[in-house]
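Me: Could you walk me through one part of this model up close? I'd like to know what packs around what, and how far to trust it.

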Amino acid sequence: MTLQFVRSPKYAEKRKVSDVDWIGIGLLAVTVGSLQFILERGHEEDWFESGMIVAFTVAAILGFILFLWRELTFKYPIVELRVLKNGNLRIGTVMSFVLGFGLYGSTFIVPLYTQSILGWTALQSGALMIPAALTTAFMMPIIGRLLTKGAKQQILVSLGLFIFFVYSFWGYKILTPDTSKDAFFWMLIVRGAGLGLLFIPITSLSLSTLKGQKLARSSFHRNDETAGRIFRDCSHYHFHCECRPEIQE
């Protein structure tokens, strides 16, 4: 059905194979692949005590620098960095990174905490996150309706960030080795409401002033998953290397 009915808008003519940014694709693969390996295996290899992790770190840094140079100088870049001249897109890119920390990071750290510290099963930890997910899903059509009626994205995003700050501070105050199951419910409901206020408004704010080809080229700037992966692995390292020994003592 997609192939039959969905048509891509013709913002530009098709280019020759020789115009494809093959070097940019290769540099992007080296950079992202090296970074992912570092984040996935770093805690197992004792981070920079491992020569392999150091080698991949150097590859990621050099690959990233060369990638930026390539994309800013090549006529047909695989990733159009020049669209970041748009102020709304710059702000949206930063905000989506922050959103990734909150979404993927907290989705990882709360179940890790409940299973490792409180001794819950995986089923219990997963069920704990359901009310927050339902709250986010419930909020999204409401936020969409508010946006269509003229609500400002900046106000909704600011409110969402404030609510998420309340959730974070709330969790910081109540999470202990003796925290009961009931203490999580309203805290996670607040988290779901905050995320619901962030998803759609951030995307809408980012793309609101882009048109045509620039709109298509801006899709890569949603980097919330990358931020979540970074936060997840840093949290994993901190939790197992610092928090667990203190609890065991």
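Reply: Let's start with helix 9, whose buried residues are covered by neighbors including helix 4, helix 6 (130–148), helix 7 and helix 8 (182–196). Keep in mind that this is a predicted model, where local features need pLDDT of at least 70, side-chain atom pairs count only at pLDDT 80 or more, and totals for chains, interfaces and linings use all residues. Numbering starts from 1 along each chain as its sequence is written, and side-chain values use heavy atoms, with hydrogens and water left out.

Helix 9 itself spans residues 199–207, and its buried residues are Phe-199, Pro-201, Ile-202, Leu-205 and Ser-206. (Buried is under 20% relative accessible area, exposed over 50%, partly exposed in between, with a 1.4 Å probe and protein chains only.) Across the protein chain, buried residues make up 36% of the 249 residues.

Now for two of those covering helices. Helix 4 (residues 87–116) and helix 7 (residues 153–174) pack with their axes 12 Å apart, at an angle of about 30 degrees. So helix 4 is roughly parallel to helix 7 (under 35 degrees; over 145 is roughly antiparallel, 65 to 115 roughly perpendicular, the rest oblique). Who touches whom? Helix 4 brings Met-95, Val-98, Gly-102, Ser-106 and Val-110, while helix 7 brings Val-157, Leu-161, Phe-164 and Tyr-167. (Contact means heavy atoms within 4.5 Å.)

Carry on to the loop between helix 7 and helix 8, and you'll find Asp-178. Asp-178 counts as exposed because its relative accessibility is 71%. Its C-alpha sits 8.9 Å from that of Ile-117, though the two are 61 residues apart in sequence.

Zoom out, and the protein chain has 11 helices and 0 strands (DSSP runs: H or I of at least four residues for helices, E of at least two for strands). Of the chain's contacts with a separation of 6 or more, 76% link residues 24 or more positions apart.

How far can you trust all this? The protein chain has a mean pLDDT of 77, with 77% of its residues at 70 or more (pLDDT is the predictor's confidence in each residue, from 0 to 100). Confidence is highest in helix 3 (residues 51–73), at 91, and lowest in helix 11 (residues 224–248), at a mean of 51. Over residues 244–249, pLDDT stays under 50, and the model has 5 contacts beyond four places in sequence for them.

Terms used. Axes fitted to C-alpha atoms, helices over the stretch in contact; angles between N-to-C directions.
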